[in-house]
Amino acid sequence: TSLHLLPPQTYAFKMSSGAVESTQVNGQPAVWIDGQHYYMLQLQLDRYSMRQVDASALIWQASDNMTYRLETNRSESDALKLAESIPTGTP
């Protein structure tokens, strides 16, 4: 399990042939990508980094405008519990 934080104005793209479901983390919209997928991150205007992720991912944006990406082999239910225990946002 790993947690990645993406600051505002970071562009990331996900490609998956599996299920992508809408959900919520602490009342914020989130998506659950079930299983293996590809993840591409824009590094600069014309440079990208792409990698294969051999896990599921829970992705949400908190009130601090940070995007949180939790990659895990746990169930969606376990990932949601873990995500909701992470202190995010502004006080």
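Tutor: A definition comes first: a residue is buried under 20% relative accessible area, exposed over 50%, and partly exposed in between. The structure discussed here is a predicted model.

Student: How many helices and strands does the secondary structure of the protein come to?

Tutor: Along the sequence the protein follows the pattern β-β-β-β-β-β-β-β-α. The strands therefore precede the helix in that pattern. The secondary structure comes to 1 helix and 8 strands.

Student: In what order do the 5 strands form the open sheet?

Tutor: Pairing in this open sheet of 5 strands is antiparallel. Its edge strands, E1 (2–6) and E3, each pair on one side only. Neighbouring strands are turned by 20 degrees against each other on average, direction ignored. The order is E1-E8-E7-E4-E3.

Student: Which strands does helix H1 touch as it packs on the sheet?

Tutor: Helix H1 covers residues 76–84. The direction of H1 makes about 35 degrees with that of E3. The helix packs on the sheet by touching E3, E4, E7 and E8.

Student: Over how many bridges do strands E7 and E8 pair?

Tutor: Strand E7 comprises residues 56–61, and its pairing with E8 is antiparallel. One position of this pairing is Gln-61, which stands opposite Thr-67 in E8. The number of bridges between E7 and E8 is 6.

Student: Which residue of E6 is the bridge partner of Gln-42?

Tutor: Strands E5 and E6 form a hairpin with 2 residues between them. The two strands run antiparallel and are joined by 7 bridges. In E6, the bridge partner of Gln-42 is Tyr-48.

Student: With which side chain does that of Tyr-38 make a polar contact of 3.3 Å?

Tutor: Tyr-38 lies in strand E5, residues 37–44, and is partly exposed because its relative accessible area is 38%. Tyr-38 and Arg-51 are 13 residues apart in sequence, with their C-alpha atoms 5.8 Å apart. The 3.3 Å polar contact joins the side chain of Tyr-38 to that of Gln-52.

Student: Is Arg-51 buried, exposed or partly exposed?

Tutor: The limits are under 20% for buried and over 50% for exposed. The relative accessible area of Arg-51 is 33%. This value falls between the two limits, so Arg-51 is partly exposed.

Student: How far apart are the closest N and O atoms of Arg-51 and Glu-71?

Tutor: Side chains of opposite charge can pair when their charged atoms come close. Arg-51 in strand E6 (residues 47–53) and Glu-71 in strand E8 (residues 67–72) are 20 residues apart, so their pair links distant parts of the chain. Whereas Arg-51 is partly exposed, Glu-71 is buried, with a relative accessible area of 7%. The closest N and O atoms of this salt bridge are 2.5 Å apart.

Student: Which residues do salt bridges with shared partners join into one network?

Tutor: The count of salt bridges comes to 2. Arg-51 bridges to Glu-71, and the side chains of Arg-69 and Glu-71 meet in a salt bridge at 2.8 Å, N to O. Arg-69 is in strand E8 and counts as buried because its relative accessibility is 1%. The network formed through shared partners consists of Arg-51, Arg-69 and Glu-71.

Student: How is the arrangement of the rings of Trp-60 and Tyr-68 classed?

Tutor: A pair of aromatic rings is described by the distance of the centres and the angle of the planes. The count comes to 1 aromatic pair, with ring centres 5.4 Å apart and planes at 15 degrees. Both residues are buried, Trp-60 at 2% relative accessible area and Tyr-68 at 4% relative accessibility. Because the plane angle is under 30 degrees, the pair is stacked.

Student: What is the phi value of Asn-26 near?

Tutor: Asn-26 is placed in the loop between strand E3 (20–25) and strand E4 (28–33). Asn-26 is partly exposed because its relative accessible area is 44%. Phi is positive here in a residue other than glycine, with a value near 50 degrees.

Student: What percentage of the 91 residues of the protein count as buried?

Tutor: Among contacts between residues at least 6 apart in sequence, 51% join residues at least 24 apart. Buried residues include Trp-60 and Arg-69. Of the 91 residues, the buried percentage is 30%.

Key:
Residues numbered from 1 in each chain as written. Predicted model: local features only at pLDDT ≥ 70, side-chain atom pairs only at ≥ 80, totals over all residues. Heavy atoms only, no water. Helix = DSSP H or I, 4+ residues; strand = E, 2+ residues; numbered from the N terminus. Buried < 20%, exposed > 50% of the residue type's maximum accessible area, 1.4 Å probe, protein only. Salt bridge = Lys/Arg side-chain N within 4 Å of Asp/Glu carboxyl O. Polar contact = N/O pair within 3.5 Å; in protein donor to acceptor, adjacent residues only side chain to side chain. Pairing = 2+ DSSP bridges. Phe/Tyr/Trp six-rings, centres within 6.5 Å; stacked < 30°, edge-to-face > 60°. Axes fitted to C-alpha atoms, helices over the stretch in contact; angles between N-to-C directions. Contact = heavy atoms within 4.5 Å.
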